[in-house]
Amino acid sequence: MPSWLSADLAIQASYFVTAVLFIMGLKRMSSPVTARSGILWAGAGMAVATLITFLYPGMSNFALIVPAMLIGAVLAWWSGKRVAMTNMPQMIALYNGMGGGAAAAIAAVELYRGATAGYVTAALAVGGGIIGAVSFSGSAIAFGKLQGLITRSIRFSGQQFLNLLLLAAALVLGTLVASQVNATPLVVTGFFVLALLLGVTMTLPIGGADMPVVISLYNALTGLAVGLEGFVLNNAAMIIAGTVVGSAGTLLTQLMARAMNRSLGNVLFSGFGDTGAAASGAVSGSLKPIEAADVGVMLAFANKVIVVPGYGMAVAQAQHKIWELCQLLIDRGVHVRFAIHPVAGRMPGHMNVLLAEAGVPYDLIADLDEINAEFDTADVALIIGANDVVNPVARTDKSSPIYGMPILNADKAKNVIVIKRGSGAGFSGIENALFYLDNTRMLYGDAQKVAAELIQAIKAVD
Amino acid sequence: MTGMVALYIFMLAAFTGYEVISRVPVILHTPLMSGSNFVHGIVLVGAMVALGGAHTPLEKTIGFIGVLLAAGNAVGGYVVTERMLEMFKSSGARRGGGGGGQGKH
C-alpha cells in the first residue's frame with residue numbers, strides 16, 4: 001500500500017509537470033520566434049506523462065499495451081516523415097481522427113466493463129464517446145476528401161433531417177446507457193455505431209473548400225472528448241490538455257470561419273457547392289490565353305509584381321521554382337511581393353508554410369489588409385493556382401455564395417496573369433469573373449512547368 | 001479530485017486555451033492547429049489506463065485499438081508539427097544573415 005501511494009504521488013507530480021509543459025509549449029508555438037522550441041517542450045511533456053503511466057496502480061495487459069503503442073507510433077512516424085508538405089492538412093485530419101477514436105475507445109472500454117460509477121461519470125463517458133466517435137469518422141471522411149479518395153460531395157434532400165435523426169437516436173441510446181436504465185453491451189454498441197455514422201453523414205456533404213474549418217472543428221472536438229474522458233478516468237493531465245485544446249481549437253475555428261466571412265453553422269449546414277454551380281452562368285466575356293515568353297518579357301520590364309499563390313501552386317509543388325523566378329526578377333530590380341489570403345490553400349497559413357519551405361523571406365510576404373492597397377500600383381498580378389480568393393464577384397454579386405468574403409484585389413493591377421491548369425471553375429465550383437476581365441490573360445499549364453518556362457523567358461530577355 | 005475542483009480546472013483550462021491562441025499571427029495557424037492536435041495526443045495515457053484495466057476479450061480488443069490510435073495521434077502530431085516548425089527556423093536564420101544559423105545543429 002505505501003508503495004502505491006508514492007507511485008500515485010509520482011504520477012500526479014508528473015502530470016502536473018506535463019500540464020505546465022503543454023501550456024508553455026503552446027504559448028511558445030504562438031510566436032514565430034519561439035515556435036520551434038514550443039513543440040520540443042510539449043514533446044517532453046508527452047514523454048514524461050507516457051512513461052510515468054506505466055507505474056499506474058493496478059495496471060495489467062502490458063503485453064498488449066506495448067505492442068499497440070509501438071505499432072501506432074511506428075506507422076505514424078513513418079507516414080509523418082514521408083508526407084509532402086502540401087499534404088499536411090489531411091495528415092493533421094488523420095492524426096486528429098485517431099485521437100478522437102482513442103477517446104471513443106476509452107469510453108467504450110469503461111462503459112462495456114461498467115466501470116463508470118455514478119450518473120455523472122457515465123454521462124461524461126457517453127458525451128466524450130459521441131464527440132470522439134464523430135471526430136474519428138468525420139476526420140476520416142475529411143482525410144478522404146483532401147486526399148482525393150472521395151471526390152464528390154454527396155448531398156440529397158432531407159440530409160440535415162437524417163443527421164438530426166441520427167443525433168437524436170444516438171442521444172436516446174446514450175441517455176439509456178448513462179442513466180443505467182439499460183446499459184447492456186448491445187445498447188452501448190448501438191450508441192457507438194450511430195455516433196460513427198453521424199460523423200460520416202455530417203461530413204460527406206461539406207465541400208472541399210470548407211474542409212480546413214471542419215478539420216479545425218474536429219480538432220477542437222477531439223480536445224473536448226479527451227477532456228471529458230479525463231474526468232471519467234480522473235486524470236488531470238487529460239482534463240487540462242484536452243480542455244486547453246478544446247477552447248483553443250474553437251477559437252481557431254472561429255478565426256478561420258471569419259476569414260471566409262461565413263458562420264460555422266453556414267459551413268456545416270449550407271450545402272455550399274450547389275448554390276455556387278447554379279450561379280455560375282452569370283459571367284460574360286471570354287478567356288484570353290497568353291504564351292509564357294510574352295509573360296516573361298512583361299515580368300522582366302515591370303516595376304512591381306505581386307504574386308498571389310493558391311492551392312494550385314501547392315499541388316504542382318511549384319513554390320521552389322516560383323521563388324527562383326522571383327529572385328531573378330528581384331536581381332533585375334523588380335519590386336516583388338507575395339500576397340497571402342487568410343484562407344489561401346487548404347488551411348490558414350498553408351501558403352506561408354510552403355513559401356517558408358522554399359526559402360522566401362518573411363518581409364516579402366504580406367497579408368490581405370497590408371497588400372490590398374498596393375494592387376493599384378502593381379504592373380503585374382501573378383495569380384498562381386488561386387481562384388476564389390481573387391474572385392471579384394465576392395464584392396459585387398449579392399447572389400454569389402462567396403459574396404462578402406474579403407478578397408485580394410488582384411483585378412486592380414494593370415495586368416493580371418493567371419497560371420492555371422485548365423479552364424475549370426475553382427474548388428467552390430464558382431466561375432471566376434477575374435479571368436474574363438480585359439486586363440487578364442490566362443497562362444495554362446502546370447504551375448511548376450510554367451514557372452520553369454518563365455525563368456527561361458526572362459533569362460532570354462538579356 | 002472532487003467534482004467542484006474538476007469543474008474549476010475545466011474552467012481555468014478553457015480560459016488558458018483561449019488566451020494562448022488569441023493573439024497568434026495567421027502564418028502560425030496551421031502549425032498551431034497541428035501543435036494542439038499533438039497536445040490532445042495525451043489521450044494516450046488514458047488509453048493505456050483503459051487497456052490496463054480491461055478484462056474481457058472485447059474490452060481488450062477495443063483498448064488495444066485505442067492505444068494504437070492514441071500513439072498514432074501523439075507521434076504523428078509531433079512529427080508533422082516538428083517538420084513544419086523546422087522550416088520557420090531555417091527561414092528565420094536565412095533572414096538573419098545567411099550563415100549565422102547554420103553553425104548550431
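This passage describes the contact between chain A and chain B, the fold of chain B, and selected parts of chain A in a predicted model.

A good place to start is the interface. The contact draws on 100 residues of chain A and 78 residues of chain B. Putting the two chains together buries about 8000 Å², and carbon and sulfur atoms account for 79% of that area. On the polar side, 15 residue pairs are found in polar contact across the interface, with both residues of each pair at pLDDT 80 or more. Several helices of chain A help to build its side of the contact: α1 (2-29), α2 (35-53), α3 (62-82), α4 (88-112), α8 (211-233), α9 (236-259) and α15 (350-358) each contribute at least two residues to the surface that touches chain B. Sorted by residue class, that side of chain A comprises 65 nonpolar, 27 polar and eight charged residues. One salt bridge is found between chain A and chain B. The partners are R36(A) and E82(B), whose closest N and O atoms lie 3.0 Å apart.

Turning to chain B itself, the secondary structure is simple to list: four helices and zero strands. Read from the N terminus, the order of elements is α-α-α-α. Of the 105 residues in chain B, 57% are buried. Contacts within chain B can also be sorted by sequence separation. Among those joining residues at least 6 apart in sequence, 66% link residues at least 24 apart.

Back in chain A, a closer look at one residue of helix α2 ties in with the interface. T50(A) sits in this helix, and its relative accessibility is 10%; because the cut-off for a buried residue is under 20%, T50(A) counts as buried. Which residues does T50(A) touch, not counting those up to four places away in sequence? The list holds M69(A) from chain A, together with L44(B), V45(B) and M48(B) from chain B.

Helix α9 of chain A offers a second example in A259(A). With a relative accessible area of 17%, A259(A) is also under the 20% cut-off and is therefore buried. Leaving aside neighbours within four places in sequence, A259(A) is in contact with H341(A), P342(A), V343(A), M405(A) and P406(A). For a sense of scale, the C-alpha atom of A259(A) is separated by 50 Å from that of S6(A), a residue 253 positions away along the chain.

The strands of chain A complete the picture, with β1 (residues 304-309) as the focus. Six of its six residues are buried, so β1(A) is largely enclosed by the rest of the structure. This burial applies to both faces of the strand: K304(A), I306(A) and V308(A) are buried on one side, and V305(A), V307(A) and P309(A) are buried on the other. Two pairings of β1(A) can be described. With strand β2 (residues 335-340) of chain A, β1(A) runs parallel, and four bridges join the two. Within this pairing, V307(A) is placed opposite F338(A) of β2(A). With strand β4 (residues 380-384) of chain A, the pairing is again parallel and extends over five bridges. Here P309(A) has I384(A) of β4(A) as its bridge partner.

How values were computed
Residues numbered from 1 in each chain as written. Chains lettered and ligands numbered in written order. Predicted model: local features only at pLDDT ≥ 70, side-chain atom pairs only at ≥ 80, totals over all residues. Heavy atoms only, no water. Contact = heavy atoms within 4.5 Å. Buried area = accessible area lost by both parts, 1.4 Å probe. Salt bridge = Lys/Arg side-chain N within 4 Å of Asp/Glu carboxyl O. Polar contact = N/O pair within 3.5 Å; in protein donor to acceptor, adjacent residues only side chain to side chain. Nonpolar A, V, L, I, M, F, W, Y, C, P; charged D, E, K, R; others polar. Buried < 20%, exposed > 50% of the residue type's maximum accessible area, 1.4 Å probe, protein only. Pairing = 2+ DSSP bridges.
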